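This report walks through selected features of one model. Please keep the sequence and the coordinates in view while reading.

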Amino acid sequence: TNDPARGGAGPEHMLGRVGGAAIVVEGARIAWVGSAVAAPAADARIDVGGRAVIPGFVDSHSHLVFAGDRAEEFEARMAGRSYSAGGIRTTVAATRAASDEELSANVARLVAEMRRQGTTTVEVKSGYGLTTRDEARSLAVARQFTDETTFLGAHVVPEGVTPEAYVEEVTGPRLTAAAPYAKWIDVFCEDGAFDVDQARTVLTAGAAVGLAGRLHANQLTYGGGVRLAAELGLAAVDHCTFLSEGAVDALADSGTVATLLPGVEFSTRQPYPDARRLLAAGVRVALASDCNPGSCYTSSMPLCIALAVREMGMSPAEALYAATVGGAAALRRDDVGVLAPGCRADLVVLDAPSYLHLAYRPGVPLVTGVWVAGRVVGRVPADGPLAAGHTW
Ligand code: NIG
Ligand code: FE
C-alpha cells in the first residue's frame, strides 16, 4: 500500500504490505483498504486470485512528444560511440516536420504501452520543437494525455542560434506561448546543452509565470546542476549520475528528489548512479523511465525496477517505493503512489504472488490488470488462484 499508517521505517516495512487484502473503490477514489475478511459490502467484486496488487507506477520523467526514432544512433553506440546531447537535434528536425496528429498518435501509442506495463501517472516534456510554435504545440499534444506537462524549451541550443539569443527566446515569447499548457519548467543542464547560469535564468523566468522547476543534471559530468536544484528547492533533479560529496549533502538538506533513470545508463553504456550513497545520505529517490528516442527508448517501469535492483544495489522494496511514492514526490503529488482511503484508485495487478517478482523475473510481462482513477484500462485477470506452490 505504501501507506505510512501501515508501514514503518526501514526498507522491509515502508511498503506497508497487507496480506489477504481487499480494496474498496468508490468512483475514482479508494474508499477502504484492509484484510478481505473485514471488507465492507460492495456492489461488485473482482477476485484477483491471490495475485499481488501494487499502486500504479508514477513515471515522473519522459519525453514522449517526438517523431521518428534514432535506432542507428543506438546501433553506433553499441559499437562504441558515446552518447552526446547533440543527437537531440536529429529528433528536433523530425518533430518539426510532423503534423499535430502524428505527434499525438505517437504519444497515444507510448502512453498505451506504458499503461500495459503498469504506469498510471506520467509526466511528459516538450523539448523536441525548440521554436515557439513547435514547443507550444508539443505541450498542447502532451496535455491531451496528462496534467503533468513540462516545458523543456531549454533542451539544447538549436542550429543557427547563439546560446544567449536562444535563452532570451526561451524566457520570452516561447515561455509565454508554452505556459498555458505546462505545469513545470525544465532545463538540460549539461556540457553541450545549458550551463548553470543559463539554467538559473530559465528556471527563474518560469517560476515568475507560475511554472515550478525541475532539472536534468549531472548526467554526463560533475556539473553544478544538482547544487542549483537544491539551492532553488526544486521538486526534483533528474539523472544524478556524477555526484560530488557536496552535491549529495545539498540534496539531503534541500529535500529535492533525486530521480534516477537507470534505463539511460543501460542504453548508453554509462556507469549507473550510486543509489546506495543517496539513500544512505537520506536523499529522497525516485525511479523513472526517461522514455525518449535518444538516450533511452524504454517505457517500462518494471525494467527500471529490475535495473535498479540488479545494477544499483537497491532492494526490491526500495525500488518499488521509488517507482511509486518516489515519483509522486518528484511531482509533488500525494494522491497517487499510495493505496489508502482518499487516494486515486490507480491499481496494478501482477500475475505473481509478490512485488519481488518485478525484479526477480526481469523482462516478463507480469502486469495483468490496470485501473486508473477507478476505471479499468488494462486486462483484468480471470477469477482463479495463482498456480500452486507460490508463497506470499
Ligand atoms: O533525459 N538529457 C536530455 N534529454 C534526454 C535525452 C534526449 C535525447 O537524446 O533525445 C535525457 O536523457
Ligand atoms: Fe530526460
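Helices (H or I, at least four residues) and strands (E, at least two) are DSSP runs, numbered from the N terminus. By that count, asparagine 2 lies in the segment before β1 (21–26). The model is a predicted one.

**Two asparagines with positive phi**

Asparagine 2 is not a glycine, yet its phi is positive, about 60 degrees. Asparagine 2 counts as buried, at 3% relative accessibility. Asparagine 218 also has a positive phi without being a glycine, with a value near 55 degrees. Asparagine 218 sits in the loop between β9 and α8 (225–232). Its relative accessible area is 3%, so asparagine 218 is buried.

**The iron site**

Which residues coordinate the iron ion (ligand 2)? The donors are His61 (NE2), His63 (NE2), His216 (NE2) and Asp290 (OD), at 2.0 to 2.4 Å. Along the chain, the donors of the iron ion (ligand 2) are spaced as H-x1-H-x152-H-x73-D. Is histidine 61 buried or exposed? Buried means under 20% relative accessible area. Histidine 61 has a relative accessible area of 0%, so histidine 61 is buried. Histidine 63 also counts as buried, because its relative accessibility is 2%.

**The parallel sheet**

An open sheet is formed by 7 strands, in the order β6-β7-β8-β9-β10-β11-β12, and the pairing is parallel. The edge strands, β6 (124–125) and β12 (285–287), each pair on one side only. Within this sheet, strand β10 (residues 236–239) pairs with strand β11 (residues 257–260) in the parallel sense, over 3 bridges. Alanine 236 has valine 257 of β11 as its bridge partner.

Helices pack on this sheet. One is α4, which touches β6 and β7 (149–154). The direction of α4 makes about 160 degrees with that of β7. Another is helix α13 (residues 316–330), which touches β8 (184–189), β9 (212–217), β10, β11 and β12. The direction of α13 makes about 105 degrees with that of β12.

Glycine 213 is found in strand β9. Its relative accessible area is 12%, so glycine 213 is buried. What does glycine 213 contact, leaving aside its neighbours within four places in sequence? The contacts are Trp184, Ile185, Leu203, Leu234, Ala235 and Ala236. Tryptophan 371 lies 158 residues from glycine 213 in sequence, and 29 Å from glycine 213 in space, C-alpha to C-alpha.

**The antiparallel sheet**

Another open sheet has 4 strands in the order β3-β13-β14-β15, with antiparallel pairing. β3 and β15 (375–376) are at the edges with a single partner strand each, so one side of each lacks a neighbour in the sheet.

Strand β13 (residues 347–350) is covered on both faces. Leu347 and Val349 are buried on one side, and Val348 and Leu350 are buried on the other. Strand β3 (residues 53–55) pairs with β13 in the antiparallel sense over 3 bridges. Strand β14 (residues 367–372) pairs with β13 in the antiparallel sense over 4 bridges. The table gives residue partners in these pairings.

| Residue | Partner | Strand of β13 or β14 |
|---|---|---|
| Proline 55 | Leucine 347 | β13 |
| Valine 53 | Valine 349 | β13 |
| Valine 348 | Valine 370 | β14 |

**Helix α3**

Helix α3 (residues 100–116) has 17 residues. From first C-alpha to last, α3 reaches 24 Å, close to the 24 Å expected at 1.5 Å a residue. Which residues of α3 are buried? They are Leu103, Ser104, Asn106, Val107, Leu110, Val111 and Met114. These residues are on the same side of α3 because they cover an arc of only 160 degrees around the axis. On the other side of α3, Glu101 and Arg116 are exposed.

The buried residues of α3 pack against β4 (57–59), α2 (88–97), β5 (119–122) and α4 (132–143). Helix α4 thus appears twice here: α4 is packed against by the buried residues of α3, and α4 packs on the parallel sheet. Glycine 118 follows α3, and its phi is positive, near 95 degrees.

Notes
Residues are numbered from 1 along each chain as its sequence is written. Chains are lettered from A and ligands numbered from 1 in the order in which they are written. This is a predicted model: local features need pLDDT of at least 70, side-chain atom pairs count only at pLDDT 80 or more; totals for chains, interfaces and linings use all residues. Side-chain values use heavy atoms; hydrogens and water are left out. The expected span of a helix is 1.5 Å times one less than its number of residues. Buried means under 20% relative accessible area, exposed over 50%, partly exposed in between (1.4 Å probe, protein chains only). The arc is that of the directions from the helix axis to the C-beta atoms. Contact means heavy atoms within 4.5 Å. Two strands pair if DSSP finds at least two bridges between them. Axes are lines fitted to C-alpha atoms, for helices over the stretch in contact, and angles run from 0 to 180 degrees between N-to-C directions. Donors are N, O and S atoms within 2.8 Å of the metal (3.2 Å for Na, K and Ca); water is not among the atoms, so sites may look incomplete.
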